[in-house]
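Open the model in your viewer and keep the selection tool ready. This tour goes stop by stop: what to select, and what is there.

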Amino acid sequence: MVEARLHDGTTIDAEVLGHGPAVLMPVNPISATGIKADELRAWGVDPSLGRTFMEGLASNFTVVAFDYEGHRMASPAPDTLTPDNITSDILAVANSAGIDQFAYYGYSWLALCGLQLALRTDRLTALVMGGFPPVDGPYKAMLQVTEATHRMTSEPPQRTSQPTASSDEFDWNSIDIALTGAQTRQFVTLYRALGEFDDRTIQGRILCPRMCFVGSQDVIEYGDRWGGVRVAPADLDLDAARSAGWDIEVLDGLDHTQAMQPAHVLPILKPWLEKVVGVWPCEHTGNPLRMPSA
């Protein structure tokens, strides 16, 4: 384990496993157990998701795993969770692990973070975005969703819905918002900072190899409480993304939750990283464990 100090003065632990070119992954390296594991399984989530990713890649890569989402839920940054500060946080993790160059993998809003990272550093050897389109991303829709969710934190609870094994049957109108105002406001801050962001105009600034994958059924209808917002990574403009230099994988029949599970991701992620980054020793990227310069 290594410890990194983030932009707001809080610290986060990261676990380093394996040998070879470095891959940073904002996933929880600690498997859930007990009731928490049962809850995750009910949502269709692997309780050992982060650990499974680490062990699946560690034979050829140095994996640095850090639970950034979990950290931000425990230590919210309601006024400062901006793309610049997120980039600073990710680079702080890389620095704490003694890593100069690295590939980055993120899913959903953490994939968005990877895109913003690629625009702010030349240290990336590869970028993988899952569950969030790199072209025509749903920034305005997600701002509406996060603003609505933030408003709900001050409202009385509504009906409670229990998750089922089939997440695509979930009724978003029936969910209770069990989050604090600080937790939800940080995502409003993020999407407001991206209010004028045009992801079509920045594609030429991404200099590393890049891949995006989405589930073919990744469509979320948020319902009236969220203003009837539809967020659909499955509607990714494949031609535009490929023309901008992205390798694309569409995972047939999978929704947003299903498409993030290691059993579906590792078979496409590992060989792609081996192809574009290589395995140890890697002349293309140099020594990924070289200490970064000041």
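## First stop: a charged pair

Select Arg120 and Asp84. Their side chains form a salt bridge, with N to O at 2.6 Å. Now colour by secondary structure and see what the pair ties together. Arg120 sits in the loop between helix H5 (109-118) and strand E6 (124-130), while Asp84 belongs to helix H4 (residues 83-96). The two are 36 residues apart, so the bridge links distant parts of the chain. Arg120 is partly exposed, at 35% relative accessible area.

Keep in mind that this is a predicted model.

## Step along the loop: Thr121

Move one stop along to Thr121. Thr121 is also in the loop between H5 and E6. Is Thr121 buried or exposed? Thr121 has a relative accessible area of 15%. Buried means under 20%, so Thr121 counts as buried. Show the backbone of Arg123 as well. The Thr121 side chain reaches the backbone nitrogen of Arg123 at 3.2 Å.

## Zoom out: the whole chain

Clear the selection and show the full chain. Nine helices and ten strands make up its secondary-structure elements. Of the 294 residues in the chain, 53% are buried. Switch on the surface. About 13000 Å² is exposed, and carbon and sulfur atoms supply 50% of that area.

Next, think about contacts. Take those between residues at least 6 apart in sequence. Of these, 76% join residues at least 24 apart.

## More salt bridges

How many salt bridges does the structure hold? The structure holds twelve. You have seen one of them, Arg120 with Asp84. Two further pairs are worth a selection.

Select Arg72 and Asp8. Their side chains meet in a salt bridge at 2.8 Å, N to O. This pair also links distant parts of the chain, with the two positions 64 residues apart in numbering. Arg72 lies in helix H3 (residues 68-74). Asp8 lies in the loop between strand E1 (2-5) and strand E2 (11-17). Turn on the surface and check each partner. Arg72 is buried, at 0% relative accessibility. Asp8 is partly exposed, at 30%.

Now select Asp136 and Arg200. The salt bridge here is 2.7 Å, N to O. Asp136 is in the loop between E6 and helix H6 (139-152). Arg200 is in the loop between helix H7 (181-193) and strand E7 (210-215). The pair is 64 residues apart and links distant parts of the chain. Asp136 is partly exposed, with a relative accessible area of 44%. Arg200 is partly exposed too, at 43%.

Go back to Arg72 and add Asp89 to the view. Salt bridges with shared partners join Asp8, Arg72 and Asp89 into one network.

## Two backbone angles

Most residues other than glycine have a negative phi. Two residues on this tour have a positive one.

Return to Asp136. Its phi is near 60 degrees, a positive value in a residue other than glycine. As noted, Asp136 lies in the loop between E6 and H6.

Then select Ser108. Phi of Ser108 is near 65 degrees, again positive in a residue other than glycine. Where is Ser108? Ser108 is in the loop between strand E5 (102-107) and H5. Ser108 is partly exposed, with a relative accessible area of 22%.

## Along helix H7

Select H7. How does its length compare with what is expected of a helix? Its 13 residues, at 1.5 Å a residue, should span 18 Å. The C-alpha atoms at its ends are 18 Å apart, so the two values agree.

Show the H7 side chains. The buried residues are Gln183, Thr184, Gln186, Phe187, Val188, Thr189, Leu190 and Tyr191. Colour H3, H4, H5 and H6 next. The buried residues of H7 pack against these four helices.

## Last stop: two cysteines

Select Cys113 and Cys208. Cys113 is buried, at 2% relative accessibility. Cys208 is buried as well, at 7%. How many disulfides does the structure hold? The count is zero.

Technical notes: Residues are numbered from 1 along each chain as its sequence is written. This is a predicted model: local features need pLDDT of at least 70, side-chain atom pairs count only at pLDDT 80 or more; totals for chains, interfaces and linings use all residues. Side-chain values use heavy atoms; hydrogens and water are left out. A salt bridge is a side-chain nitrogen of Lys or Arg within 4 Å of a carboxyl oxygen of Asp or Glu. Buried means under 20% relative accessible area, exposed over 50%, partly exposed in between (1.4 Å probe, protein chains only). A disulfide is a pair of cysteine sulfur atoms within 2.5 Å. The expected span of a helix is 1.5 Å times one less than its number of residues. Contact means heavy atoms within 4.5 Å. A polar contact is a pair of N or O atoms within 3.5 Å; within protein, one must be able to donate a hydrogen and the other to accept it, and residues adjacent in sequence count only if both atoms are side-chain atoms. Accessible areas come from the Shrake-Rupley method with a 1.4 Å probe; for residues, only the protein chains shown count as cover.
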